[in-house]
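Here is a walk through the ligand sites and empty spaces of one protein model. Keep the 3D view open as you read.

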Amino acid sequence: MLFEFQDPVLKPMEEKARAGERLSFEDGVALFNSPDLMGVGYLANLVRERINGNQTFFINNRHINPTNICVYNCRFCAFGVKADDPLAYEKSLEEIFDDAGKYMEGKVSEFHIVGGLHPDYPFQFYVDMVEGLHERFPKVHIQAFTAVEIHFFSKISGLSIREVLRKLRDVGLGSLPGGGAEIFADRVRNKICGEKSSAKEWLNVHETAHSLEMKTNATMLYGHIETAEERVDHLVRLRELQDRTGGFVTFIPLAFHPENTPLEKLPSATGQMDLRALAVSRLMLDNFPHIKAFWIMVTPKIAQLSQCFGSDDMDGTVVEEKIIHAAGAATDQIFHKNTIIDMIRETGRIPMERDTIYECLEEVSV
Ligand code: V47
Ligand code: SF4
């Protein structure tokens, strides 16, 4: 059956999507601006099914946020606070190890660790954290520290990015999460997070990690002050790095949550925008193996719908999430494995339990 596009601008992209041909910057902008959301979703689904068939991935993981005290003041963030804030917290290494040990009966395969940039912790604290977790839970993959954190560790330790990554890798760090990318364009970065790593520095951390054979994720924070052109520029810069290294495994568009942030007058991202961001990412990032709809970020309902709008992953069981909940996320913080499996089945896709780097895959048969 032929699909009928409501927007003729999309039609020439169908052949490209089917053939795996690269879309241009202009195509990306047209996809973001097209009134034909179903047409954009149709194109993204062609690519999604060509790359990932009928499978939808999930992981049994735990998020750990060691501290919310942060030297920076990103304007989109409600999580980071100063040490004298009544909401400030610091977890000791023992508390972090205890947190990690909770719920271990669920066969956790990943610890996902990101936090504030603490003004006083030495780099050794983070080395001890990774080493201690790896010693206690040797089978669990440790995905920790955004590129912004790695860059900060390099500043406080005087070590190069490569040395920081090597030291952490040698004690058990498996891969890097994709946070801290926000929007690469200087205009936006200067306005919302001018103090922290630049786009060039973020990309350099990931390129260095890839050269050390470490896999990483990438993100894009959308739905604040960025334009369609700036979103496409972000995706194209990631695509170019992936062409050189092949080290990214998954891309996660992050919907801006305004509550309790200095930008709280801005409206929240709509469901239409969430689906479109996932679909356009799938279409532009032709060299990324996976596109993740993080259910905590976009709601479980959109995460389900997005399984036919380009995404092939729903993230995981999570248990405790503080960053988006500080900014008003109304979602739960925990999903039991069976709930995720049922949600995936309902979409008509086949649930596949994965590890962090999508190497250990198991079709769920119950
Ligand atoms: O860099 C902060 C985002 C990121 C808000 O790799 C916000 O699988 C929306 O690294 N509204 C950190 N987003 C979290 C992170 C992450 C998250 C999910 C999956 C993965 C992955 C990594 O959280 C920050 C920033 O982009 N963030 N505040 C907010 N108000
Ligand atoms: Fe700190 Fe990260 Fe929040 Fe920025 S986004 S203020 S770096 S915790």
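Start at ligand 1, where strand β7 gives three residues to the surrounding shell, the largest share. Strands here are DSSP E runs of at least two residues, helices are H or I runs of at least four, and both are numbered from the N terminus. A residue joins the shell if one of its heavy atoms lies within 4 Å of the ligand.

The model is predicted, so local features need pLDDT of at least 70, side-chain atom pairs count only at pLDDT 80 or more, and totals for chains, interfaces and linings use all residues. Residues are numbered from 1 along each chain as its sequence is written, chains are lettered from A and ligands numbered from 1 in the order in which they are written, and side-chain values use heavy atoms, with hydrogens and water left out.

The shell of ligand 1 holds 23 residues. F76, G178, G180, E182 and K292 are the closest. By class, 14 are nonpolar, seven polar and two charged. Here Ala, Val, Leu, Ile, Met, Phe, Trp, Tyr, Cys and Pro count as nonpolar, Asp, Glu, Lys and Arg as charged, and the others, Gly among them, as polar.

Now look at the polar contacts, which are pairs of N or O atoms within 3.5 Å. E182 places a polar side-chain atom 2.5 Å from an oxygen atom of ligand 1. N217 does so at 3.0 Å, also to an oxygen atom of the ligand. H257 uses its backbone: an N or O atom there lies 2.9 Å from a nitrogen atom of ligand 1. Taken alone, ligand 1 exposes 620 Å², and the protein buries 95% of that. These areas come from the Shrake-Rupley method with a 1.4 Å probe. Three elements each give two or more residues to this shell: β6 (215-222), β7 (248-255) and α13 (323-326).

Where does ligand 1 sit? It occupies the largest pocket, meaning that more than half of its atoms lie within 2 Å of the pocket's grid points. A pocket is an open set of points on a 1 Å grid over the protein atoms alone, with protein on both sides within 12 Å along at least five of seven lines; a cavity is a set where a 1.4 Å probe fits but cannot get out; lining residues have an atom within 4 Å of a point.

The pocket has a volume of about 1,100 Å³, counted as the space filled by probe spheres set on points joined across faces, edges and corners. Its lining has 50 residues, and F76, C77, F79, I323 and I324 are the closest to its centre. Helix α6 (147-157), β6, β7 and α13 each give two or more residues to that lining.

Ligand 2 also takes its space in the largest pocket. Around ligand 2 stand C70, Y72, C74, F76, C77, F79 and K196. Six of these are nonpolar, none polar and one charged.

Finally, turn to the closed spaces. The structure holds two cavities of 30 Å³ or more. The largest encloses about 40 Å³, and its lining includes P66, T67, Y121 and E149. The second largest has about 30 Å³. Its lining residues include N217 and K292, and the classes are one nonpolar, four polar and four charged.

How values were computed: Polar contact = N/O pair within 3.5 Å; in protein donor to acceptor, adjacent residues only side chain to side chain.
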